[in-house]
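Hi everyone, thanks for coming. I'd like to walk you through one protein chain today, starting with the overall picture and then going inside.

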Amino acid sequence: MLGFISRPPHQLLSFLCPGLRTPRPSVLCALPRSRAMANSSSSWELPLVAVCQVTSTPDKQQNFKTCAELVREAARLGACLAFLPEAFDFVARDPAETLRLSEPLGGDLLGAYTQLARECGLWLSLGGFHERGQDWEQTQKIYNCHVLLDSKGSVVATYRKTHLCDVEIPGQGPMRESNSTLPGPSLESPVSTPAGKIGLAICYDMRFPELSLALAQAGAEILTYPSAFGSVTGPAHWEPVSS
């Protein structure tokens with residue numbers, strides 16, 4: 001699913017990018033509109049951003065193909081920035097497969113996305129990448145990494161999720177993100193983009209208001225929470241928090 005949002009500057013927004021529960025990609029568009037500036041007869045055009053939703057699988061190549069189609073459609077319709085959800089790269093069947101499929105930021109998959117950003121000429125928010133960090137050999141654990149690319153394909157910011165989702169799911173047993181993932185060491189300062197100043201966060205971080213407050217106080221105009229909640233955790237957790 002591809003949704004478009006146009007927003008006035010200097011207005012704090014929270015982009016809630018629900019993750020991975022749509023049957024197929026589709027397109028929903030709201031084109032930018034012009035508004036008169038206060039005390040002026042001139043007008044300005046609002047920046048247009050795309051919020052993409054996909055159903056990820058363990059097939060990284062197919063996932064990339066699906067995401068690339070949405071990003072190219074966003075570029076064709078005039079978006080300056082496209083948001084992809086947490087686990088846009090893949091959703092594995094078990095923790096062992098998660099570790100096996102993970103890659104470093106300098107790997108082939110991120111290379112494909114940097115090329116895609118250059119090709120389309122727009123910024124990409126890659127909402128949750130399974131990253132093998134520099135400590136992979138020692139820890140055999142990964143990071144849940146939110147990567148921001150500019151329109152030239154350069155990595156301008158990385159944020160590694162600080163709050164890991166360890167929860168008990170009735171009827172399904174425990175979910176332990178910490179079994180395979182390390183918490184990130186720090187927040188990332190808000191980043192200036194064509195759509196405004198973006199504060200990077202991921203999913204379960206939304207439960208911790210101090211993080212969003214710190215980002216807002218640092219100048220963030222847009223707060224991002226790309227998420228990959230499931231059929232049980234979504235209604236029980238995400239929907240009440242984001243309402």
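**A walk through the chain**

Okay, so here's a number to start with: among contacts in the protein chain with a separation of 6 or more, 72% are between residues 24 or more positions apart. Keep in mind that this is a predicted model. The chain has six helices and 14 strands, and 49% of its 243 residues count as buried. Its accessible surface is about 11500 Å², and carbon and sulfur atoms make up 52% of that.

Now let's go inside. In soluble globular proteins, nonpolar side chains tend to be buried together. Here, the largest nonpolar core has 26 residues, and Tyr 113, Leu 116, Leu 122, Leu 124 and Leu 126 have the most contacts inside it. Which elements give two or more residues to this core? They are strands S5, S6, S7 and S8, plus helices H1 and H3. There's also a second, separate core, with 23 residues, including Phe 83 and Leu 200.

Take Leu 124 as an example. Leaving out residues up to four places away in sequence, Leu 124 touches Val 71, Ala 82, Tyr 113, Leu 116, Ala 117, Val 147, Leu 148 and Leu 149.

Next, the rings. How many aromatic pairs does a search of the whole structure find? Four. In one of them, Phe 64 and Tyr 113 meet edge-to-face, 4.9 Å centre to centre, with 90° between the planes. Phe 64 is in helix H1 and Tyr 113 is in helix H3, so this pair ties together parts that are 49 residues apart in sequence. Tyr 113 is buried, by the way, with a relative accessible area of 0%. Ring pairs also link Phe 64 and Tyr 113 with Phe 88 and Phe 129 in a cluster.

Another edge-to-face pair is Tyr 204 with Phe 208, at 5.6 Å centre to centre and 80° between the planes. Tyr 204 counts as buried at 16% relative accessibility, while Phe 208 counts as partly exposed at 27%.

One more ring: the charged end of Arg 160 sits over Tyr 143, 5.9 Å from the ring centre.

Last topic, cysteines. Why does Cys 52 not form a disulfide? The closest cysteine sulfur, in Cys 67, is 7.4 Å from the sulfur of Cys 52, so that's too far for a bond. A disulfide needs the two sulfurs within 2.5 Å, and by that rule the count is zero. Cys 52 is buried, at 1% relative accessible area.

Terms used
Residues are numbered from 1 along each chain as its sequence is written. This is a predicted model: local features need pLDDT of at least 70, side-chain atom pairs count only at pLDDT 80 or more; totals for chains, interfaces and linings use all residues. Side-chain values use heavy atoms; hydrogens and water are left out. Buried means under 20% relative accessible area, exposed over 50%, partly exposed in between (1.4 Å probe, protein chains only). Helices (H or I, at least four residues) and strands (E, at least two) are DSSP runs, numbered from the N terminus. Contact means heavy atoms within 4.5 Å. Accessible areas come from the Shrake-Rupley method with a 1.4 Å probe; for residues, only the protein chains shown count as cover. A nonpolar core is a set of buried Ala, Val, Leu, Ile, Met, Phe, Trp, Tyr and Cys residues joined through side-chain atoms within 4.5 Å. Rings of Phe, Tyr and Trp (its six-membered ring) pair if their centres lie within 6.5 Å; planes under 30 degrees apart count as stacked, over 60 as edge-to-face and the rest as tilted. A charge sits over a ring if NZ of Lys or CZ of Arg is within 6 Å of the ring centre and within 35 degrees of the ring normal.
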